[in-house]
Amino acid sequence: MVDRYWVAFLLVLAWVVGVLDASAGDADPHYRSCLKQCEETGCVGQRCFLQCKFASNGVSTDRPWYMQEPLYLQWKHWDCQGDCRYYCMLEREKERESLNKGPVKYHGKWPFVRVYGIQESASVAFSALNLAVHFHGWLSFFILLYYKLPLKDDKKAYYEYATLWHIYGLLSMNSWFWSAVFHSRDVDLTEKLDYSSAVALLGYSLILAILRSFNIRDEATRVMVTAPLLAFVTTHILYLNFYKLDYGWNMKVCVVIAVAQLLIWAIWAGVSLHPSRWKLWFVVVGGGLAMLLEIYDFPPYQGLLDAHAVWHATTIPLTYLWWSFIRDDAEYRTSDLLKKAK
Ligand SMILES: [Zn+2]
């Protein structure tokens, strides 16, 4: 029954991933001519940008960033492009509104109103909160392991998955940090950093899901399970960064990895007699439902709060519960091991 539900879920997801297409906004000829003019003259209407004086010097943007002019010049160029896109978009959206037309996406993003120069302020705030909750979760896990639970004679924790969860905590905090940066200002470099760290976290979480749910404690087996997945994730990150940032393909990879680990945790929660399995259930169901927000992708309310931001908001309580499960697991495994040792 559960399996059938997941197959249906996967099919719907696959369909939706296929439907997600290029943005209507930046295909619009009015927008395009505005952008072209802006990058040449540095002005949109009455508003002019100093940093665009540079872009007209014939700077090639085809080469990868590390082969180009110093990063600050590159940044200037990104800044010019960002401002041109932003003000052309505002201009275009104003026109659309006067024609009673709803908002459309530009370069894959809804038209957001900048707050203190921050493009997607709600997503930035929620990313920062996610980071904070991960830090709190990881810190309390650390304190539980090394200050509250009994330690082995060599001062190491009994819990066999301690190191794996520490790495998980670091990768999560890294990922939310870059998410906050990327949502503040969307340029080539911040986008790649955000995508790369998100893929790294997602791939690592799958490895962790397999190792924990199959109770793999033996070093050699761990390496055998981890190596192919790690190789795939690394190749995928290199592909995104140095070959092609293919959004469609990346979305498919991420959905498959995400659904796979949700399935693994769900099945494990169903068959294991873990005392805190209800927390797992809650996170899996909540995480699955939250993913629907990415699919039901509504435009920003008041130019601020869109589906993606709400999605980032929902992961905050889920993350809190998730670390609480991890702490329970550490306690449960430790008491189990101590019972066996006696
Ligand atoms: Zn995001």
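**Exercise 1. Is the crossing of helix 7 and helix 8 left-handed or right-handed, and at what angle do the two helices pack?**

*Solution.* The model worked on here is a predicted one. Two packed helices are described by the angle between their axes and by the distance separating those axes. For helix 7 and helix 8 (residues 219-242), the packing angle is about 165° and the axes are 10 Å apart. Angles over 145 degrees count as roughly antiparallel, and helix 7 and helix 8 are therefore roughly antiparallel to each other. As for the hand, the crossing of helix 7 and helix 8 is right-handed. On the side of helix 7 the contact is made by K192, Y195, S196, V199, A200, G203, L206, I207, I210 and L211, and on the side of helix 8 by R222, V225, T226, L229, V233, H236, I237, L240 and N241. Sorted by class, this contact of helix 7 with helix 8 has 12 nonpolar, five polar and two charged residues.

**Exercise 2. Describe how helix 6 packs with helix 7, giving the angle, the axis distance and the hand of the crossing.**

*Solution.* Begin with the geometry: helix 6 (residues 162-184) and helix 7 (residues 188-213) pack at an angle of about 155°, and their axes are 8 Å apart. With that angle, helix 6 and helix 7 are therefore roughly antiparallel to each other. Next comes the hand, and here helix 6 passes helix 7 in a left-handed crossing. Helix 6 brings to the contact residues including L164, Y168, L171, W178 and F182, while helix 7 brings residues including T190, E191, D194, L201 and Y204. By class, the contact of helix 6 with helix 7 has 14 nonpolar, seven polar and two charged residues.

**Exercise 3. Which residues of helix 9 meet which residues of helix 10, and how are the two helices oriented?**

*Solution.* Helix 9 (residues 247-271) and helix 10 (residues 277-295) pack at about 150°, with 9 Å between their axes. Helix 9 and helix 10 are therefore roughly antiparallel to each other, and helix 9 passes helix 10 in a left-handed crossing. In this contact L262, W265, A266 and A269 of helix 9 meet R277, L280, W281, V284, G287 and G288 of helix 10. The class count for the contact of helix 9 with helix 10 is seven nonpolar, two polar and one charged residues.

**Exercise 4. Place E294 and Y247 in the fold, and state how exposed each one is.**

*Solution.* E294 lies in helix 10, and with 17 other C-beta atoms within 10 Å it is partly exposed. Leaving aside neighbours within four places in sequence, E294 is in contact with A307, H308 and W311. The C-alpha atoms of E294 and V310 are separated by 9.2 Å, although these residues are 16 apart along the chain. Turning to Y247, this residue is found in helix 9 and counts as partly exposed, having 13 C-beta neighbours inside 10 Å. Y247 and Y195 are 52 residues apart in sequence, and their C-alpha atoms are 9.7 Å apart in space.

**Exercise 5. Where do K155 and N215 lie, and what is the sign of phi in each?**

*Solution.* K155 lies in the loop between helix 5 (121-148) and helix 6, whereas N215 lies in the loop between helix 7 and helix 8. K155 has a positive phi of about 70° although it is not a glycine. Phi of N215, likewise a residue other than glycine, is positive and near 55°. For the surroundings, a residue counts as exposed if 12 or fewer other C-beta atoms lie within 10 Å of its own. K155 has 7 and is exposed, and N215, with 12, counts as exposed.

**Exercise 6. Compare the UniProt record with the model, and then set the result within the whole chain.**

*Solution.* The unreviewed UniProt entry lists several spans as "transmembrane region", among them residues 124-147 and 159-181. In the model, residues 124-147 are 100% helix and 0% strand, with the end C-alpha atoms 34 Å apart. Residues 159-181 are 87% helix and 0% strand, and their end C-alpha atoms lie 34 Å apart. The chain as a whole has 11 helices and two strands, and from the N terminus on its elements run α-α-β-β-α-α-α-α-α-α-α-α-α. Of its 342 residues, 27% count as buried. Among contacts in the chain with a separation of 6 or more, 72% are between residues 24 or more positions apart.

Definitions and conventions:
Residues numbered from 1 in each chain as written. Predicted model: local features only at pLDDT ≥ 70, side-chain atom pairs only at ≥ 80, totals over all residues. UniProt positions renumbered as here; feature names shortened; annotations may be inferred. Helix = DSSP H or I, 4+ residues; strand = E, 2+ residues; numbered from the N terminus. Axes fitted to C-alpha atoms, helices over the stretch in contact; angles between N-to-C directions. Parallel < 35°, antiparallel > 145°, perpendicular 65-115°, else oblique. Left-handed = near helix turned anticlockwise from the far one by under 90°. Contact = placed C-beta atoms within 7 Å. Nonpolar A, V, L, I, M, F, W, Y, C, P; charged D, E, K, R; others polar. Buried ≥ 20, exposed ≤ 12 C-beta atoms within 10 Å, placed from the backbone.
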